[in-house]
Amino acid sequence: MRVLNKVILAEGQGARIFRIDISSPEIAKNSKAGQFVVLMVKEEGERIPLTIVDTDKEKGALTLIAQEAGLTTALLGRVNAGEDLYALVGPLGHPTQIRKYGRVIVVGGGVGIAEIYPVARALKGAGNDVIGILGSRTKKLLILEDEMKGVCDECHVMTDDGSCGTKGFTTDRLKELLERRTCDLVYAVGPLPMMKKVSDVTKDSNVPALVSLNAIMVDGTGMCGCCRVSVGGKTKFSCVDGPEFDAHAVDWDELMKRNNMYAQKEKHICRLNDL
Ligand code: FES
């Protein structure tokens with residue numbers, strides 16, 4: 001799996017977000033909005049899931065966007081054009097149900113904007129009125145603003161420090177919009193606290209909401225049970241039953257606990273230089 005191109009999209013406050021284009025004609029040909037791949041940078045490394053942001057079917061290439069958040073994403077950030085990844089499997093997960101809902105508000109926080117972008121584009125293509133709400137800590141870390149403005153009927157930017165758009169959280173703007181506009185669906189991807197809040201706000205407004213969950217995954221094919229999440233009191237696997245679920249039915253507290261399981265181990269990123 002040859003890396004064709006790598007570009008740093010955003011950098012600041014100790015965070016770095018990059019885009020990577022990979023040659024994979026089969027995955028590019030078959031993928032739909034909402035699906036993901038699982039990749040391994042090195043043979044001895046772990047597997048991580050990343051949403052397919054874009055594809056170029058003619059070139060046989062797919063685009064992924066990641067933030068350096070742990071050892072594997074940091075390793076991926078060091079791969080340059082012309083180098084090969086050890087393994088790539090996909091497309092995985094159910095595609096987003098794209099149809100005409102009416103008005104859809106898509107909410108992306110941080111690198112989650114990369115995940116709502118293909119969905120927003122497909123929803124617009126299906127004739128929906130699409131409103132985007134993008135959030136980041138600061139202007140320097142905001143990604144895909146122009147691309148989202150290109151596919152949304154209206155796009156709102158929120159930053160924690162007010163350096164771009166309006167100071168505040170995506171969910172503040174979502175609440176305001178839901179108070180004065182009708183909405184048929186909310187679609188959200190971002191940090192878990194944001195998605196949990198989206199769930200609360202939409203529940204109060206009686207609007208259906210979908211979230212794409214970033215659960216910890218190992219095999220990505222429903223065999224290891226690592227990505228399990230409780231939805232409506234039933235155990236589901238994010239990789240094969242999701243990654244999208246009804247936000248109102250997700251057990252958010254349990255998911256947050258599970259996703260923090262490796263937080264301590266991820267701190268050993270200093271070992272990166274030994275690899
Ligand atoms: S990643 Fe193993 S069951 Fe989903």
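Two strands are taken to pair when DSSP finds at least two bridges between them. On that basis, seven strands of this predicted model join into an open sheet with mixed pairing, and the order across it is E10-E9-E8-E7-E11-E12-E15. At the edges lie strand E10 (166–167) and strand E15 (244–246), each of which pairs on one side only.

A good place to begin a tour is the E15 edge. Here E15 runs antiparallel to strand E12 (residues 209–212), and three bridges link the two. Within this pairing, valine 211 has phenylalanine 245 of E15 as its bridge partner. Helix H3 (residues 112–125) packs on the sheet and touches E12 as well as strand E7 (103–109), strand E8 (129–136) and strand E11 (185–189). The directions of H3 and E7 make an angle of about 165°. Helix H6 (residues 192–205) lies across E7, E11 and E12, and its angle to E11 is about 165°.

Helix H5 (residues 170–180) invites a closer look at its side chains. Which residues of H5 are buried? They are Thr170, Thr171, Arg173, Leu174, Leu177 and Leu178. Because these residues cover an arc of only 155° around the axis, they sit on the same side of H5. Glu179 and Arg180, on the other side of H5, are exposed. The buried residues of H5 pack against strand E9 (154–159), E7, E8, E10 and E11. H6, the helix that lies across E7, E11 and E12, is also among the elements against which the buried residues of H5 pack.

Conventions. Residues are numbered from 1 along each chain as its sequence is written. This is a predicted model: local features need pLDDT of at least 70, side-chain atom pairs count only at pLDDT 80 or more; totals for chains, interfaces and linings use all residues. Side-chain values use heavy atoms; hydrogens and water are left out. Helices (H or I, at least four residues) and strands (E, at least two) are DSSP runs, numbered from the N terminus. Contact means heavy atoms within 4.5 Å. Axes are lines fitted to C-alpha atoms, for helices over the stretch in contact, and angles run from 0 to 180 degrees between N-to-C directions. Buried means under 20% relative accessible area, exposed over 50%, partly exposed in between (1.4 Å probe, protein chains only). The arc is that of the directions from the helix axis to the C-beta atoms.
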